[in-house]
Amino acid sequence: MLKRRVRTVLVQQLQYEDVPLAKPTRTRKAASKPDLSQSDAEFALRSLQAEHEKAKRYSASDEQMLGFYEQMLLIRRFEEKAGQLYGLGLIGGFCHLYIGQEAVAVGLQSALAEGKDSVITGYRDHGHMLAYGIDPKVIMAELTGRQAGISKGKGGSMHMFSTEHKFYGGHGIVGAQVPLGAGLAFAHKYRDDGGICLAYFGDGAANQGQVYETFNMAALWNLPIVFVIENNGYAMGTAVKRSSAETEFYRRGTAFRIPGMDVNGMDVLEVRAAAEVAFAHVREGKGPVLMELNTYRYRGHSMSDPAKYRSREEVQEQRDHNDPIERLKKELAERGKNEDDLKAIDKAIRAKVADAADFAENSPEPDADELYTDVLVGSY
Ligand SMILES: Cc1ncc(C[n+]2csc(CCOP(=O)(O)OP(=O)(O)O)c2C)c(N)n1
């Protein structure tokens, strides 16, 4: 028993260092002296990270940089406004803000083929919809439970869909989107439509059993799926190190032969560069990829969380030194964008968000009859 434990630790160490490792055999000799000869299969598990390390940041044109900046700022201002409307009682139920995590959705989704690829996520979903260019008005109307909302006001903050954009929610059950994402990927493969699925989930969800059942099936069936763990450091009030035996989440697919990538989710250019590598791999029919996006949420888990499990200083440190929007703003300034232009962009985005809020407030609530629609599918 002890010997087996020693061997397991040895194997783990070898896998995590950059040593190619051959498939273990059961003989004692091999156990005490693992074969270190180069193995293509083992190398493949690390090849995407190696590829990512070669060119960590995407070389964006000025126009693309500005586009990323505007999208991230739109998410930030939208979420700030949603927070205000919640405080005024105009948004009810649960509401999870994406402030701090903007670079993840913007960097990844900018590399997708909209309308061909599919996206699925959890309840912290406003940013993912905005990153897909969905109109802020219909998202805000959904948050406020109005007829004009993207799910006719019946889904609310956590359950928003746009089949037109192949955006499949918005799920309140932690981790549920992971097997559903594998289903979407299966459909891409079955229909041979060339699409891939991007399935987001959190560090907390990453400890669920259904995630690993999905990894197994996705790898076994070579599904076109990118699993994205948005590691924002906390699952509600529980810090990653208190809940997770393995905190390097990108390694969690190794047992299923799913290559992992470790990405700075606070840098939109790094996220985009990593997306290029991961998506190309999946599109080439080489099976699933697991990406860990290291990020941070500035607000509480949801609007009702006073976030007493962490210090103000910790949050301030991230805001001051790691903010994805400030990082890009600085780079835009270095490329010659002047302060006034950037201020004008912010002003225009604030106006757009204010319009969305007005639209939402002035839209009627759904008719009572709507209670009976969209409950069962007619045909499929
Ligand atoms: C199956 C299930 N268990 C528990 C909950 C309650 N719950 C809601 S969010 C959450 C934490 C999830 O954290 P994480 O996956 O890290 O995502 P994050 O909120 O950080 O984006 C929990 C336990 C739930 N909604 N569903």
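This report describes a sheet, a helix and a ligand shell in a predicted model.

## Basis

Local features are given where pLDDT is at least 70, side-chain atom pairs count only at pLDDT 80 or more, and totals for chains, interfaces and linings use all residues of this predicted model. Residue numbers start from 1 along each chain as its sequence is written.

## The parallel sheet

Five strands (DSSP runs of E, at least two residues, numbered from the N terminus) form an open sheet in the order S1-S2-S3-S7-S6, with parallel pairing, where pairing requires that DSSP finds at least two bridges between two strands. Strand S1 (118–120) and strand S6 (260–264) are at the edges with a single partner strand each, so one side of each has no neighbour in the sheet. Neighbouring strands are turned by 20° against each other on average, direction ignored, with axes taken as lines fitted to C-alpha atoms.

Within this sheet, strand S3 (residues 225–231) pairs with strand S7 (residues 289–294) in the parallel sense over six bridges, and Phe-227 has Leu-290 in S7 as its bridge partner.

## Helix H14

Helix H14 (residues 339–362), a DSSP run of H or I with at least four residues, has 24 residues that should span 34 Å at 1.5 Å a residue, which agrees with the 35 Å between its end C-alpha atoms; the expected span is 1.5 Å times one less than the number of residues. Ile-349, Val-353, Ala-356, Ala-357 and Ala-360 of H14 are buried (20 or more other C-beta atoms within 10 Å of a residue's own, with C-beta atoms placed from the backbone).

## The ligand shell

Around the ligand there are 13 residues, of which Val-174, Gly-202, Gly-204, Ala-205 and Ala-235 come nearest (a residue counts as near if its C-beta atom, placed from the backbone, lies within 6 Å).

Terms used. Axes fitted to C-alpha atoms, helices over the stretch in contact; angles between N-to-C directions. Buried ≥ 20, exposed ≤ 12 C-beta atoms within 10 Å, placed from the backbone.
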